[in-house]
Amino acid sequence: MIFELSEEQLAVKEAAREFAQKDLLPGVIERDRDMIFPTEQVRKMGELGFLGMMVDPKYGGGGMDTISYVLAMEELSKVDNSCSVIVSVNNSLVCWGLEKFGSEDQKQKYLTKLCTGEWIGAFCLSEPEAGSDATSQRTTAIDKGDHYILNGTKNWITNGGSSKVHLVIAQTDVEKGHKGINAFIVETDWDGVNVGGKEDKLGIRSSDTHSIMYTDVKVPKENRIGEDGFGFKFAMKVLSGGRIGIAAQALGIAAGAYELSVKYSKEREAFGKPINRHQAIAFKLADMATEIEAARLLVYRSAWLKDMGMNFDLASSQAKLYASTVAMKTSVEAVQVHGGYGFVKEYHVERLMRDAKITQIYEGTSEIQKIVISRAITTGDLYVPTKTNQTVTA
Ligand code: CAA
C-alpha cells in the first residue's frame, strides 16, 4: 500500500494552494457578505485549468486523475467554498458526466467550452418536491419525434444564474418509474428557460443558487444523454462521482479551519503562555488533526478507486458522510479555539463553519449516504479494493 503522492499530484496541490491564497483570499469576506458572484475568479480558474481537470486533453481538459482533482478541491476549499463548489459541479457532475456518458458530438460541442470556463455547467435534478427522493421527478420531457418538450421547475441549482449548459433530469414516461427518466443537455439561452431569484444562503453565499423554470423548451433528440430511460442511472452514477468532490470540499473546510486554529493558538496567549500549551486547546487540536487525517484517507481512497476503474459508489458515500461530519465538528471547534475572534468575520472560521453545513446536505444528505452505505451492508455489496474489484459478503 503506497500513501505517497506523485510529483505531478504535489504540483497540482501546490498550484491550487498558491492560487487560493493569492487570488481567492483577497475579497472572500466581502464576496460572501454581499453575495457577489466570483466572476473574475472563475475566469482565472478556467484559464488555469481548474474547471475541466479530469477531461481528456483532446476535449480541452487537463487529463488529470481524480486524486489531483481532490487535492485541488481541498486547497481551494480551505479558502473559498463558493469557488470550490463551482469547480466541483463543473468538473464532477457536468464534465465527467458528459465525458463518461455523452455522445462524441455532445463531447465535441460542449466539453471544450466547459473546460475553459467560457461556459459554466449546472446539474438540474432537485425539484421543489424531489430532493432526496430523486425518482419522484415532476419535470416532464414529452417525446415529439425529433425533439422533446420540456416543462417543470428545478430548485437549489448551483451555478443556476451563471451557467450556459444545464444537465436536466426529467420524466419521459411516468408509468415506467425510474426507467422512464432521461437526462438532457439544455442551453440556457433557448426559449422557455427562465432563472428564478438568487437564494440568500447561510453559507457559500457568493455561489449563485437559483430555481430554474422550463416552459415548453424544445430539446433536440440528440441532446438526450445515453439510451432512452438511462437518466436515473446517469444521475446516480454522476452523483457518486460528485460526492468525491464534495467530500474533498468538506476535507478542505476542516483542514482550513484547523490550520487557522493552529496559527491562532500559537500566537494568542492566556494565563502567561500561548493557548496551544493549555491542554483544553491542545486536545482540541489533537482531535482535529486525527479526524482530518481519517477523513483524508477516505476521500483519497474513493478518488483512487475511481481512478482504478473500480466501483466507488460506497466509498464516495462513506467519504462524504465522514468528511462532512468532520468539517462541521472541526469548524465549530475552530470558532471555539478563536474565542470571541472566532465569532467575527475577519478571522474566517465563522465562514468556514457556515460553509460546512451545506456539505452535509447537497449531492445527497448525510441520511442519504447512510441509505447507500446500509444497503451495501445488507446486500453484502462491499467492495474490496483489488484490481479484480471483488464483491464480498460482510
Ligand atoms: N449507479 C448506477 N445505478 C444506480 C446507482 C448508482 N450509484 N444507485 C442506484 N442505481 C440504480 C439501481 O441499481 C436501480 O436500478 P435497477 O432498478 O435497474 O436495479 C435504480 O437505480 C433505482 O435504484 P434504487 O431502487 O436504489 O432507487 P431509490 O429510489 O431507492 O433511491 C437513493 C436511491 C440512493 C436514495 C437515491 O434516490 C439518491 O441518491 N437520492 C439523493 C439524490 C441527491 O443526491 N440529490 C442531490 C441533488 S443534486 C445537487 O445537490 C447538485 C448541486 O447543485 C450541488
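Helix α5 passes helix α7 in a right-handed crossing. The model is predicted, and this pair of helices is a convenient place to enter it. The axes of α5 and α7 lie 9 Å apart and make an angle of about 155 degrees. Because angles over 145 degrees count as roughly antiparallel, α5 is roughly antiparallel to α7.

From α7 the path leads on to α8. These two helices also pack at an angle of about 155 degrees, and the distance between their axes is 9 Å. The angle therefore makes α7 roughly antiparallel to α8. The crossing of α7 past α8 is left-handed.

The next step is from α8, residues 279-307, to α9, residues 313-338. Their axes come within 9 Å and cross at roughly 155 degrees, so α8 is roughly antiparallel to α9. By class, the contact of α8 with α9 is made up of 15 nonpolar, five polar and five charged residues. In handedness, α8 passes α9 in a left-handed crossing.

Two of the helices above return at the ligand. The elements that give two or more residues to the shell around the ligand are α5 (81-101), strand β3 (147-158), α7 (231-267) and α11 (366-379). The largest share comes from α7, with seven residues. In total, 26 residues surround the ligand. Sorted by class, the shell holds 11 nonpolar, eight polar and seven charged residues.

The closest residues to the ligand are Ser 132, His 178, Lys 233, Arg 243 and Arg 375. For two of these, a polar contact can be described in detail. In the side chain of His 178, an N or O atom is 2.8 Å from an oxygen atom of the ligand. For Lys 233, a polar side-chain atom lies 2.8 Å from a ligand oxygen atom. A further contact involves the backbone: at Gly 364, a backbone N or O atom is 3.0 Å from an oxygen atom of the ligand.

Coverage of the ligand can be put in terms of area. On its own, the ligand has 1,100 Å² of accessible area, and the protein covers 74% of this.

Taken together, the helix pairs and the ligand shell share α7. This helix packs against α5 and against α8, and α7 also gives seven residues to the shell around the ligand.

Notes: Residues are numbered from 1 along each chain as its sequence is written. This is a predicted model: local features need pLDDT of at least 70, side-chain atom pairs count only at pLDDT 80 or more; totals for chains, interfaces and linings use all residues. Side-chain values use heavy atoms; hydrogens and water are left out. Axes are lines fitted to C-alpha atoms, for helices over the stretch in contact, and angles run from 0 to 180 degrees between N-to-C directions. Helices (H or I, at least four residues) and strands (E, at least two) are DSSP runs, numbered from the N terminus. Angles under 35 degrees count as roughly parallel, over 145 as roughly antiparallel, 65 to 115 as roughly perpendicular and the rest as oblique. A crossing is left-handed if the near helix is turned anticlockwise from the far one by less than a right angle, and right-handed if clockwise. Ala, Val, Leu, Ile, Met, Phe, Trp, Tyr, Cys and Pro count as nonpolar, Asp, Glu, Lys and Arg as charged, and the others, Gly among them, as polar. A residue is near a molecule or strand if one of its heavy atoms lies within 4 Å of it. A polar contact is a pair of N or O atoms within 3.5 Å; within protein, one must be able to donate a hydrogen and the other to accept it, and residues adjacent in sequence count only if both atoms are side-chain atoms. Accessible areas come from the Shrake-Rupley method with a 1.4 Å probe; for residues, only the protein chains shown count as cover.
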